[in-house]
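Subject: The structure for you to look at

Hello,

Here is the structure I promised to pass on to you. Please open it alongside this email and follow along as you read.

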Amino acid sequence: MTLAAVLVLAVGTYAFRLAGPLLRDRLSLPPRVRELLSTSATVLLVALVATSSLMKGQHLAGWALPLGVLVGGLAAWRKAPFVLVVVLAAATTAGLRLLGL
Amino acid sequence: MRSIWRTLDPRLLRDVSAVAAGAAVNGASFGAISVAVGLPWWMPLVMSVLVFGGGSQFMAVGIVAAGGSPAAAVLAGLVLNARHLPFGLAVGDVLGRSWAARLVGSHLMIDETVAFALAQRDPARARAAYWSCGVALFFAWNIAVVGGALAGQAIGDPATFGLDAAFPAAMLALVLPALKDRATLRAAVVGAVIALATTPFLPPGVPVLLALGGLVATIRRRSEVAV
């Protein structure tokens, strides 16, 4: 990793981040499109949840990771406090790994 | 800006702290891994402050450590971070109106801040959530990276503590209320299936972007309702 590479990655990433708020200001978007943009952020986040809980790199992640996320998800669905959701997910996955799953 | 701190409530701060604690452990591991593969201690810190995107940082360092070129590492990191463009279109209004708010706020745009902002009911709370989460994670992440770089190999693998499950579970809890809307749920499920099906074949980051194809499910449905 060179400093130049870090700088290019930083500038490129910042450009992606700044483009949205600036573009959004230039365009007067109809409510229907605004709603669609908000939905698209949810779709991206759910895709991140799915890939980061079921896959490790380009392969299936095994059982411990998805089961931990599932336990966290069920707790969230049953309106458990957010902190408990996160701790339950991590503890389940860590426990299953300790058992060799 | 002052109104943000007034809108903060203890529950939000507690939730943000939980995510920041997880980010800190991951940051420490990033610092330790970077030093372990031969980078000087300050390089992961410079990278964390300027890029502030955990996934792309791990990936870039990993590619170089595996013998890849810095150019390949940068390209892979940029593909992974391209999702911030649609994120910004969705939450652009949340950052604030002033130029300073936009310039600084954009740098704090990460999965966690977007998810926290989307999970709030009104715009004032969304702004408070976005900024408090962004500031907390920025400091937690960067301080932990330095700590990890200095501590080096003493830091274990965060997967041992199940921390790789903490991130998706936190994101899931935050998006769950939005999924009560049937059209959003349908789009998210279709998108997740697209992302999972393409992950084995495409470079990291691309499958998540392809998930936007799930939006087609909302368009068709709504035009049906209109008819």
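Below is what I found, starting with chain B, then the domains, and then the place where the chains meet.

One thing to keep in mind from the start is that this is a predicted model.

**Chain B as a whole**

Chain B is built from helices: there are 13 of them, and zero strands. Reading along the sequence, you will therefore meet the pattern α-α-α-α-α-α-α-α-α-α-α-α-α, given that helices and strands are taken as DSSP runs. Its radius of gyration is 19 Å, while the globule rule gives 17 Å for 227 residues; the two are close, so chain B is as compact as a globular protein of that length. If you turn chain B along its principal axes, its C-alpha atoms fill a box of roughly 60 × 45 × 35 Å.

Of the 227 residues in chain B, 52% are buried. I also looked at how far apart in sequence the contacting residues of chain B are. Taking contacts between residues at least 6 apart in sequence, 69% join residues that are at least 24 apart.

**A helix pair in chain B**

A good place to zoom in is the pair formed by helix α2 (residues 10–36) and helix α10 (residues 163–175) of chain B, whose axes come within 10 Å and cross at roughly 145°. The crossing of α2(B) with α10(B) is left-handed. On the α2(B) side, the contact is made by B:Val19, B:Gly22, B:Val25 and B:Asn26, and on the α10(B) side by B:Leu163, B:Ala166, B:Phe167 and B:Ala170. Sorted by class, this contact has six nonpolar and two polar residues, with no charged ones.

**One residue to find**

You might also like to select B:Phe58, which sits in helix α4 (residues 54–65) of chain B. Is B:Phe58 buried or exposed? The answer lies in between: B:Phe58 has 17 other C-beta atoms within 10 Å, and 20 or more would be needed for buried and 12 or fewer for exposed, so B:Phe58 counts as partly exposed. From B:Phe58 you can look across to B:Pro44, which is 14 residues away in sequence and 9.8 Å away in space, C-alpha to C-alpha.

**Domains**

Both chains come with a domain division. In chain A, domain 1 covers 1–52 and domain 2 covers 62–101, and their centres, taken over C-alpha atoms, are separated by 29 Å.

In chain B, domain 1 runs over 2–164 and domain 2 over 181–227. The C-alpha centres of these two domains of chain B lie 25 Å apart. Seven residues of domain 1 of chain B are in contact with seven residues of domain 2 of chain B. On the domain 1 side, the largest share, three residues, comes from helix α5 (residues 70–81) of chain B. That side of domain 1 has six nonpolar residues, no polar ones and one charged.

**Where chain A meets chain B**

How many residues of chain A are in contact with chain B? There are 57, and they touch 75 residues of chain B. On the chain A side, α1 (3–26), α2 (31–54), α3 (64–77) and α4 (82–98) each supply at least two residues. The most come from α2(A), with 19 residues. By class, the chain A side divides into 37 nonpolar, 17 polar and three charged residues.

Happy exploring, and do write back with any questions!

Terms used
Residues numbered from 1 in each chain as written. Chains lettered and ligands numbered in written order. Predicted model: local features only at pLDDT ≥ 70, side-chain atom pairs only at ≥ 80, totals over all residues. Helix = DSSP H or I, 4+ residues; strand = E, 2+ residues; numbered from the N terminus. Rg over C-alpha atoms; globule rule 2.2 N^0.38 Å. Contact = placed C-beta atoms within 7 Å. Domains from an automatic or database assignment. Nonpolar A, V, L, I, M, F, W, Y, C, P; charged D, E, K, R; others polar. Axes fitted to C-alpha atoms, helices over the stretch in contact; angles between N-to-C directions. Left-handed = near helix turned anticlockwise from the far one by under 90°.
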